[in-house]
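Trainee: I have a new structure open and would like to learn how to read it. Could you walk me through it, feature by feature?

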Amino acid sequence: MIAVLAADAAILGFARALRAAGVDASAERLHSFLRAVDVLGPGMRADLYWAGRLTLCGSRDDLERYERVFAAYFGSGRSSGRPGRAAPPPRLRLVVRDTPPGSRTTAEGERQVPPTAALASSTEVLRHRDVAGLDAAERAHLRRLLAAFALPGQARRTARRRPARRGDVDPHRTVREMLRRGGEPARLRRHDRAERPRRVVLLVDVSGSMAPYADALLRFAHAAARGHRTEVFTIGTRLTRVTRELSHRDPDLAMAAVAAAVPDWRGGTRLGELLREFLNRWGQRGMARGAVVVLLSDGWERGDPELLAAQMRRLHRLAHRVIWANPRKARPGYAPLAAGMAAALPSVDAFVEGHSLAALERLAAVVRGAPAEEAAPRGKGAERA
(Lines give C-alpha, C1' and ligand atoms only; values in the text may rest on other atoms or scores of the structure.)
Protein backbone atom coordinates (compact mmCIF):
# COMPACT_ATOMS: atom_id res chain seq x y z
CA MET A 1 0.00 0.00 0.00
CA ILE A 2 2.84 2.39 0.84
CA ALA A 3 4.45 1.65 -2.52
CA VAL A 4 1.25 2.50 -4.38
CA LEU A 5 0.94 5.80 -2.51
CA ALA A 6 4.55 6.63 -3.39
CA ALA A 7 3.84 6.02 -7.08
CA ASP A 8 0.72 8.22 -6.95
CA ALA A 9 2.67 11.00 -5.22
CA ALA A 10 5.35 10.81 -7.91
CA ILE A 11 2.76 11.10 -10.68
CA LEU A 12 1.17 14.11 -8.96
CA GLY A 13 4.65 15.64 -8.71
CA PHE A 14 4.99 15.19 -12.47
CA ALA A 15 1.75 17.13 -12.95
CA ARG A 16 3.09 19.94 -10.73
CA ALA A 17 6.27 20.06 -12.80
CA LEU A 18 4.15 20.40 -15.95
CA ARG A 19 2.32 23.36 -14.44
CA ALA A 20 5.65 24.99 -13.60
CA ALA A 21 6.66 24.52 -17.25
CA GLY A 22 3.56 26.38 -18.42
CA VAL A 23 1.29 23.45 -19.31
CA ASP A 24 -2.32 24.05 -18.27
CA ALA A 25 -2.66 20.76 -16.38
CA SER A 26 -6.03 21.54 -14.80
CA ALA A 27 -7.69 19.43 -12.13
CA GLU A 28 -10.03 17.89 -14.73
CA ARG A 29 -7.14 16.91 -16.99
CA LEU A 30 -5.18 15.56 -14.03
CA HIS A 31 -8.16 13.40 -13.04
CA SER A 32 -8.31 11.98 -16.57
CA PHE A 33 -4.55 11.32 -16.45
CA LEU A 34 -4.82 9.43 -13.15
CA ARG A 35 -7.70 7.33 -14.48
CA ALA A 36 -5.69 6.45 -17.59
CA VAL A 37 -2.65 5.49 -15.51
CA ASP A 38 -4.83 3.38 -13.23
CA VAL A 39 -6.11 1.43 -16.23
CA LEU A 40 -2.75 1.04 -17.98
CA GLY A 41 -0.50 0.80 -14.92
CA PRO A 42 2.63 2.96 -14.48
CA GLY A 43 5.10 0.18 -15.30
CA MET A 44 5.72 0.89 -19.01
CA ARG A 45 7.21 4.21 -20.03
CA ALA A 46 5.30 4.31 -23.32
CA ASP A 47 1.94 3.86 -21.58
CA LEU A 48 2.71 6.59 -19.08
CA TYR A 49 3.96 8.90 -21.84
CA TRP A 50 0.87 8.55 -24.00
CA ALA A 51 -1.54 8.72 -21.06
CA GLY A 52 -0.09 12.11 -20.09
CA ARG A 53 0.28 13.42 -23.63
CA LEU A 54 -3.34 12.67 -24.53
CA THR A 55 -4.90 13.96 -21.30
CA LEU A 56 -2.68 16.78 -20.00
CA CYS A 57 -1.77 18.65 -23.22
CA GLY A 58 -4.39 21.08 -24.46
CA SER A 59 -2.59 22.84 -27.31
CA ARG A 60 0.29 22.45 -29.74
CA ASP A 61 2.48 24.67 -27.55
CA ASP A 62 2.08 22.21 -24.67
CA LEU A 63 3.65 19.34 -26.60
CA GLU A 64 7.25 20.61 -26.53
CA ARG A 65 6.97 21.50 -22.85
CA TYR A 66 5.53 18.07 -22.12
CA GLU A 67 8.45 16.41 -23.92
CA ARG A 68 11.01 18.34 -21.88
CA VAL A 69 9.35 17.69 -18.52
CA PHE A 70 8.75 13.99 -19.22
CA ALA A 71 12.38 13.44 -20.25
CA ALA A 72 13.64 15.29 -17.16
CA TYR A 73 11.24 13.66 -14.73
CA PHE A 74 11.33 10.05 -15.93
CA GLY A 75 14.75 10.04 -17.55
CA SER A 76 15.64 10.02 -21.24
CA GLY A 77 14.41 7.09 -23.24
CA ARG A 78 12.78 6.08 -26.49
CA SER A 79 9.31 6.38 -25.03
CA SER A 80 9.66 9.94 -23.94
CA GLY A 81 10.66 11.18 -27.33
CA ARG A 82 12.92 14.17 -27.96
CA PRO A 83 11.93 17.77 -28.55
CA GLY A 84 11.51 18.43 -32.22
CA ARG A 85 11.09 14.76 -33.16
CA ALA A 86 7.97 12.74 -33.74
CA ALA A 87 6.45 10.99 -30.76
CA PRO A 88 6.99 7.23 -30.49
CA PRO A 89 4.29 4.98 -31.94
CA PRO A 90 2.11 3.12 -29.45
CA ARG A 91 2.87 -0.58 -28.97
CA LEU A 92 0.27 -3.30 -28.45
CA ARG A 93 0.91 -5.91 -25.80
CA LEU A 94 -0.94 -8.74 -24.14
CA VAL A 95 -1.66 -8.29 -20.45
CA VAL A 96 -3.35 -10.32 -17.76
CA ARG A 97 -6.02 -8.20 -16.10
CA ASP A 98 -5.89 -10.11 -12.80
CA THR A 99 -2.66 -8.26 -11.93
CA PRO A 100 -2.13 -4.60 -12.81
CA PRO A 101 0.29 -4.25 -15.75
CA GLY A 102 3.87 -3.42 -14.92
CA SER A 103 3.58 -4.37 -11.24
CA ARG A 104 4.85 -7.29 -9.23
CA THR A 105 3.48 -8.81 -6.03
CA THR A 106 5.58 -9.89 -3.09
CA ALA A 107 5.00 -12.99 -1.00
CA GLU A 108 2.95 -10.93 1.45
CA GLY A 109 0.79 -9.60 -1.39
CA GLU A 110 2.09 -6.01 -1.34
CA ARG A 111 2.31 -4.33 -4.73
CA GLN A 112 5.80 -3.11 -5.58
CA VAL A 113 6.58 0.15 -7.33
CA PRO A 114 7.46 -0.37 -11.03
CA PRO A 115 10.83 0.96 -12.26
CA THR A 116 9.31 4.01 -13.96
CA ALA A 117 7.37 5.01 -10.86
CA ALA A 118 10.44 4.41 -8.69
CA LEU A 119 12.45 6.81 -10.87
CA ALA A 120 9.68 9.38 -10.57
CA SER A 121 9.63 8.87 -6.81
CA SER A 122 13.33 9.74 -6.60
CA THR A 123 12.61 12.87 -8.63
CA GLU A 124 9.78 13.76 -6.27
CA VAL A 125 12.18 13.49 -3.32
CA LEU A 126 14.70 15.66 -5.17
CA ARG A 127 12.06 18.38 -5.64
CA HIS A 128 12.06 19.09 -1.91
CA ARG A 129 15.80 18.80 -1.25
CA ASP A 130 17.81 21.92 -0.43
CA VAL A 131 19.93 22.83 -3.44
CA ALA A 132 22.97 23.49 -1.22
CA GLY A 133 23.07 19.84 -0.10
CA LEU A 134 22.90 18.09 -3.48
CA ASP A 135 25.71 15.99 -4.92
CA ALA A 136 26.93 16.18 -8.53
CA ALA A 137 24.46 13.63 -9.92
CA GLU A 138 21.52 15.26 -8.16
CA ARG A 139 22.58 18.69 -9.41
CA ALA A 140 22.68 17.36 -12.98
CA HIS A 141 19.14 15.99 -12.57
CA LEU A 142 18.01 19.30 -11.06
CA ARG A 143 19.42 21.18 -14.05
CA ARG A 144 17.35 19.05 -16.43
CA LEU A 145 14.22 19.81 -14.43
CA LEU A 146 14.98 23.54 -14.27
CA ALA A 147 15.42 23.64 -18.05
CA ALA A 148 11.71 22.85 -18.42
CA PHE A 149 10.51 25.83 -16.38
CA ALA A 150 8.46 28.72 -17.72
CA LEU A 151 7.82 32.04 -16.00
CA PRO A 152 5.06 34.11 -17.62
CA GLY A 153 4.03 37.19 -15.70
CA GLN A 154 0.58 37.80 -14.32
CA ALA A 155 -1.87 38.52 -17.13
CA ARG A 156 -3.18 42.05 -17.56
CA ARG A 157 -5.89 43.45 -19.81
CA THR A 158 -4.75 45.74 -22.61
CA ALA A 159 -6.48 48.47 -24.60
CA ARG A 160 -6.36 46.31 -27.73
CA ARG A 161 -9.56 44.46 -28.64
CA ARG A 162 -9.86 40.98 -30.10
CA PRO A 163 -12.81 38.92 -31.40
CA ALA A 164 -14.60 37.01 -28.66
CA ARG A 165 -17.75 34.97 -28.13
CA ARG A 166 -18.78 37.18 -25.24
CA GLY A 167 -18.27 40.87 -24.60
CA ASP A 168 -19.29 44.18 -26.14
CA VAL A 169 -20.78 44.31 -29.61
CA ASP A 170 -18.21 45.08 -32.29
CA PRO A 171 -20.08 47.52 -34.57
CA HIS A 172 -17.49 47.52 -37.37
CA ARG A 173 -17.35 43.73 -37.78
CA THR A 174 -21.13 43.48 -37.39
CA VAL A 175 -21.79 46.04 -40.14
CA ARG A 176 -19.23 44.42 -42.44
CA GLU A 177 -20.93 41.05 -41.95
CA MET A 178 -24.32 42.58 -42.80
CA LEU A 179 -22.90 44.22 -45.93
CA ARG A 180 -21.37 40.90 -46.96
CA ARG A 181 -24.85 39.38 -46.70
CA GLY A 182 -26.41 42.15 -48.80
CA GLY A 183 -28.00 43.96 -45.87
CA GLU A 184 -29.67 40.88 -44.41
CA PRO A 185 -29.65 40.51 -40.60
CA ALA A 186 -26.57 38.74 -39.29
CA ARG A 187 -25.30 37.49 -35.97
CA LEU A 188 -23.85 40.19 -33.77
CA ARG A 189 -20.07 40.17 -33.69
CA ARG A 190 -18.46 40.79 -30.32
CA HIS A 191 -15.04 41.68 -29.02
CA ASP A 192 -13.26 41.93 -25.70
CA ARG A 193 -10.04 43.42 -24.36
CA ALA A 194 -7.00 41.24 -25.04
CA GLU A 195 -4.70 40.01 -22.28
CA ARG A 196 -0.92 39.79 -22.24
CA PRO A 197 1.53 38.74 -19.52
CA ARG A 198 3.26 41.44 -17.53
CA ARG A 199 6.97 41.96 -17.84
CA VAL A 200 9.03 39.95 -15.33
CA VAL A 201 12.31 41.37 -13.96
CA LEU A 202 14.64 39.02 -12.05
CA LEU A 203 17.41 40.37 -9.81
CA VAL A 204 19.65 37.41 -8.89
CA ASP A 205 22.13 37.75 -6.01
CA VAL A 206 25.53 36.21 -6.91
CA SER A 207 27.42 37.28 -3.79
CA GLY A 208 29.48 34.92 -1.65
CA SER A 209 26.64 34.11 0.76
CA MET A 210 24.47 32.98 -2.18
CA ALA A 211 27.16 30.81 -3.82
CA PRO A 212 25.44 27.43 -3.05
CA TYR A 213 22.27 28.62 -4.81
CA ALA A 214 23.56 30.90 -7.58
CA ASP A 215 23.84 28.25 -10.31
CA ALA A 216 20.32 26.87 -9.72
CA LEU A 217 18.79 30.35 -9.56
CA LEU A 218 20.51 31.46 -12.76
CA ARG A 219 19.31 28.33 -14.54
CA PHE A 220 15.84 29.14 -13.28
CA ALA A 221 16.33 32.63 -14.74
CA HIS A 222 17.56 31.11 -18.02
CA ALA A 223 14.33 29.15 -18.36
CA ALA A 224 12.34 32.29 -17.54
CA ALA A 225 14.29 34.34 -20.11
CA ARG A 226 12.81 32.28 -22.94
CA GLY A 227 9.78 34.56 -22.59
CA HIS A 228 9.74 37.75 -24.67
CA ARG A 229 9.01 39.99 -21.66
CA THR A 230 11.63 38.86 -19.15
CA GLU A 231 14.74 40.77 -18.02
CA VAL A 232 17.50 39.34 -15.81
CA PHE A 233 20.16 41.18 -13.78
CA THR A 234 22.81 39.91 -11.38
CA ILE A 235 23.55 41.84 -8.20
CA GLY A 236 26.53 41.64 -5.85
CA THR A 237 29.04 44.45 -5.79
CA ARG A 238 27.96 45.42 -9.33
CA LEU A 239 24.79 45.41 -11.36
CA THR A 240 25.04 43.40 -14.60
CA ARG A 241 22.32 42.91 -17.19
CA VAL A 242 22.56 39.30 -18.46
CA THR A 243 19.37 38.98 -20.51
CA ARG A 244 21.36 38.70 -23.75
CA GLU A 245 23.73 36.08 -22.33
CA LEU A 246 20.77 33.98 -21.18
CA SER A 247 19.22 34.04 -24.64
CA HIS A 248 21.22 30.93 -25.65
CA ARG A 249 18.92 27.94 -25.94
CA ASP A 250 21.53 25.63 -24.45
CA PRO A 251 21.66 26.14 -20.65
CA ASP A 252 25.37 25.30 -20.37
CA LEU A 253 26.31 27.82 -23.08
CA ALA A 254 24.14 30.42 -21.35
CA MET A 255 25.84 29.77 -17.99
CA ALA A 256 29.27 30.08 -19.61
CA ALA A 257 28.28 33.39 -21.18
CA VAL A 258 26.99 34.69 -17.84
CA ALA A 259 30.19 33.59 -16.08
CA ALA A 260 32.22 35.62 -18.59
CA ALA A 261 29.98 38.68 -18.30
CA VAL A 262 29.61 38.91 -14.51
CA PRO A 263 32.73 40.32 -12.80
CA ASP A 264 31.61 40.09 -9.16
CA TRP A 265 31.05 36.40 -8.46
CA ARG A 266 31.15 35.53 -4.75
CA GLY A 267 31.88 39.08 -3.69
CA GLY A 268 30.06 41.32 -1.24
CA THR A 269 26.51 42.63 -1.36
CA ARG A 270 25.47 46.25 -1.95
CA LEU A 271 21.75 45.80 -2.44
CA GLY A 272 20.72 49.40 -1.74
CA GLU A 273 23.25 50.99 -4.10
CA LEU A 274 22.61 48.49 -6.89
CA LEU A 275 18.84 48.76 -6.59
CA ARG A 276 19.20 52.54 -6.87
CA GLU A 277 21.36 52.08 -9.98
CA PHE A 278 18.77 49.74 -11.50
CA LEU A 279 15.93 52.19 -10.87
CA ASN A 280 17.86 55.19 -12.16
CA ARG A 281 19.12 53.49 -15.31
CA TRP A 282 16.29 51.08 -16.26
CA GLY A 283 13.44 50.87 -13.81
CA GLN A 284 12.31 54.50 -13.73
CA ARG A 285 12.35 54.64 -17.53
CA GLY A 286 9.76 51.89 -17.81
CA MET A 287 11.31 48.46 -17.24
CA ALA A 288 9.92 48.17 -13.71
CA ARG A 289 6.75 50.16 -14.29
CA GLY A 290 3.80 47.77 -14.02
CA ALA A 291 6.14 44.75 -13.98
CA VAL A 292 6.51 41.81 -11.61
CA VAL A 293 9.93 42.29 -9.99
CA VAL A 294 11.52 39.27 -8.29
CA LEU A 295 14.57 39.55 -6.03
CA LEU A 296 16.37 36.26 -5.35
CA SER A 297 18.65 37.01 -2.42
CA ASP A 298 19.29 36.16 1.23
CA GLY A 299 19.05 39.86 2.13
CA TRP A 300 22.55 40.24 3.59
CA GLU A 301 23.50 43.87 3.08
CA ARG A 302 26.94 45.45 3.60
CA GLY A 303 25.73 48.95 2.84
CA ASP A 304 23.27 51.25 4.56
CA PRO A 305 19.96 49.46 5.32
CA GLU A 306 18.14 52.81 5.21
CA LEU A 307 19.22 53.27 1.59
CA LEU A 308 17.86 49.81 0.75
CA ALA A 309 14.57 50.61 2.50
CA ALA A 310 14.21 53.86 0.55
CA GLN A 311 14.92 52.20 -2.80
CA MET A 312 12.52 49.34 -2.03
CA ARG A 313 9.77 51.88 -1.34
CA ARG A 314 10.59 53.51 -4.66
CA LEU A 315 10.44 50.15 -6.44
CA HIS A 316 7.20 49.33 -4.66
CA ARG A 317 5.56 52.42 -6.14
CA LEU A 318 6.67 51.58 -9.68
CA ALA A 319 6.12 47.83 -9.93
CA HIS A 320 2.85 45.95 -10.08
CA ARG A 321 4.18 43.42 -7.59
CA VAL A 322 7.46 42.94 -5.70
CA ILE A 323 8.38 39.37 -4.75
CA TRP A 324 11.37 38.35 -2.64
CA ALA A 325 12.61 34.74 -2.73
CA ASN A 326 15.05 33.91 0.07
CA PRO A 327 16.71 30.45 0.10
CA ARG A 328 17.39 30.72 3.83
CA LYS A 329 13.74 31.26 4.70
CA ALA A 330 13.15 27.48 4.77
CA ARG A 331 15.64 26.86 7.57
CA PRO A 332 14.14 25.98 10.98
CA GLY A 333 13.77 28.99 13.24
CA TYR A 334 14.48 31.49 10.46
CA ALA A 335 13.44 35.09 11.11
CA PRO A 336 14.13 38.09 8.84
CA LEU A 337 16.55 39.68 11.33
CA ALA A 338 19.33 40.56 8.86
CA ALA A 339 19.52 44.33 8.45
CA GLY A 340 18.91 44.27 4.70
CA MET A 341 16.03 41.80 4.84
CA ALA A 342 14.34 43.60 7.70
CA ALA A 343 14.63 46.93 5.87
CA ALA A 344 13.24 45.56 2.59
CA LEU A 345 10.38 43.42 3.88
CA PRO A 346 7.82 46.23 4.47
CA SER A 347 7.94 46.99 0.73
CA VAL A 348 7.60 43.36 -0.40
CA ASP A 349 4.26 41.96 -1.57
CA ALA A 350 5.19 38.28 -1.28
CA PHE A 351 8.03 36.73 0.74
CA VAL A 352 8.67 33.14 -0.36
CA GLU A 353 11.31 30.43 -0.13
CA GLY A 354 13.85 29.71 -2.86
CA HIS A 355 15.93 26.77 -1.64
CA SER A 356 14.52 23.87 -3.67
CA LEU A 357 12.84 22.93 -6.92
CA ALA A 358 9.44 22.79 -5.21
CA ALA A 359 10.03 26.27 -3.77
CA LEU A 360 10.87 27.61 -7.24
CA GLU A 361 7.70 26.03 -8.59
CA ARG A 362 5.71 27.91 -5.93
CA LEU A 363 7.61 31.08 -6.85
CA ALA A 364 6.60 30.62 -10.50
CA ALA A 365 2.97 30.28 -9.42
CA VAL A 366 3.20 33.50 -7.36
CA VAL A 367 4.67 35.33 -10.36
CA ARG A 368 1.70 34.16 -12.42
CA GLY A 369 -0.62 35.73 -9.84
CA ALA A 370 -1.35 32.94 -7.36
CA PRO A 371 -1.55 34.01 -3.69
CA ALA A 372 1.66 33.44 -1.72
CA GLU A 373 1.78 31.42 1.46
CA GLU A 374 3.08 34.44 3.31
CA ALA A 375 2.73 38.06 2.23
CA ALA A 376 4.42 41.13 3.60
CA PRO A 377 2.50 43.37 6.02
CA ARG A 378 1.98 46.05 3.38
CA GLY A 379 1.16 43.65 0.54
CA LYS A 380 -0.99 45.14 -2.15
CA GLY A 381 -1.08 42.02 -4.36
CA ALA A 382 -3.31 41.97 -7.38
CA GLU A 383 -5.29 45.06 -6.43
CA ARG A 384 -2.75 47.28 -8.11
CA ALA A 385 -3.20 48.06 -11.79
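**Reading the model, step by step**

Mentor: Happily. We can start with one residue, Thr174, which is found in helix 7 (residues 171–180). Keep in mind that this is a predicted model.

Trainee: Is Thr174 buried or exposed?

Mentor: A residue counts as buried when its relative accessible area is under 20%. Thr174 has a relative accessible area of 6%, so Thr174 is buried.

Trainee: What does the side chain of Thr174 reach?

Mentor: The side chain of Thr174 reaches the backbone oxygen of Asp170, at 2.7 Å. Leaving out residues up to four places away in sequence, Thr174 touches Val169, Leu188 and Arg189.

Trainee: Val169 makes me curious about strands. How do strands pair in general?

Mentor: Strands of a sheet pair through backbone hydrogen bonds, either parallel or antiparallel. Here, three strands form an open sheet in the order 1-3-2, with antiparallel pairing. Strand 1 (155–164) and strand 2 (168–169) stand at the edges with a single partner strand each, so each has one side without a neighbour in the sheet.

Trainee: How many bridges join strand 1 and strand 3, and how many join strand 2 and strand 3?

Mentor: Strand 1 and strand 3 pair over seven bridges, while strand 2 and strand 3 (residues 190–197) pair over two bridges. To see this in the model, find Arg161, whose bridge partner in strand 3 is Arg193. Then find Val169, which stands opposite Arg190 in strand 3.

Trainee: Where should I look for a parallel pair?

Mentor: Go to strand 4 (residues 200–205) and strand 5, which run parallel and are joined by six bridges. Val200 stands opposite Thr230 in strand 5. Strand 5 also pairs with strand 6 (residues 239–241), but these two run antiparallel, with three bridges between them. There, Thr234 stands opposite Thr240 in strand 6. A hairpin through three residues joins strand 5 to strand 6.

Trainee: How do I read the two faces of a strand?

Mentor: In a regular strand the side chains alternate between the two faces of the sheet. In strand 5, Thr230, Val232 and Thr234 are on one side, and Glu231, Phe233 and Ile235 are on the other. Both faces are covered, and six of the six residues of strand 5 (residues 230–235) are buried.

Trainee: And a helix? How can I check its length, say for helix 11?

Mentor: Compare the expected span with the distance between the ends. Helix 11 (residues 305–318) has 14 residues, which should span 20 Å at 1.5 Å a residue; its end C-alpha atoms are 20 Å apart, which agrees. At its N-terminal end, Asp304 caps the helix, with a side-chain oxygen 3.1 Å from the backbone nitrogen of Glu306.

Trainee: What do the buried residues of helix 11 pack against?

Mentor: They pack against helix 10 (271–287), strand 7 (292–296), strand 8 (321–326) and helix 12 (339–344). The buried residues of helix 11 include Leu307, Leu308, Met312 and Leu315.

Trainee: How many residues are in the largest nonpolar core?

Mentor: The largest nonpolar core has 67 residues, and Phe14, Phe33, Leu246 and Ile323 are among those with the most contacts inside it. Helix 8 (residues 211–224) gives the largest share of this core, eight residues. Another core, of 28 residues, lies apart from it; among its residues are Val201, Phe233, Ala319 and Leu345.

Trainee: Can a charged-looking name such as Asp62 turn up inside too? Is Asp62 buried or exposed?

Mentor: Asp62 counts as buried, at 5% relative accessibility. Its place is in helix 4 (residues 60–74). Leaving aside neighbours within four places in sequence, Asp62 is in contact with Gly22, Val23, Asp24, Arg29 and Cys57.

Trainee: Which residue could I set beside Asp62 as a contrast?

Mentor: Try Arg266, in the loop between helix 9 (251–261) and helix 10. Arg266 counts as exposed, at 64% relative accessibility. Arg266 also has a positive phi of about 55 degrees, although it is not a glycine.

Trainee: And the view of the whole chain?

Mentor: The protein chain has 13 helices and nine strands. Buried residues make up 47% of its 385 residues.

How values were computed:
Residues numbered from 1 in each chain as written. Predicted model: local features only at pLDDT ≥ 70, side-chain atom pairs only at ≥ 80, totals over all residues. Heavy atoms only, no water. Helix = DSSP H or I, 4+ residues; strand = E, 2+ residues; numbered from the N terminus. Buried < 20%, exposed > 50% of the residue type's maximum accessible area, 1.4 Å probe, protein only. Expected span 1.5 Å × (residues − 1). Contact = heavy atoms within 4.5 Å. Polar contact = N/O pair within 3.5 Å; in protein donor to acceptor, adjacent residues only side chain to side chain. Core = buried A, V, L, I, M, F, W, Y, C linked by side-chain atoms within 4.5 Å. Pairing = 2+ DSSP bridges.
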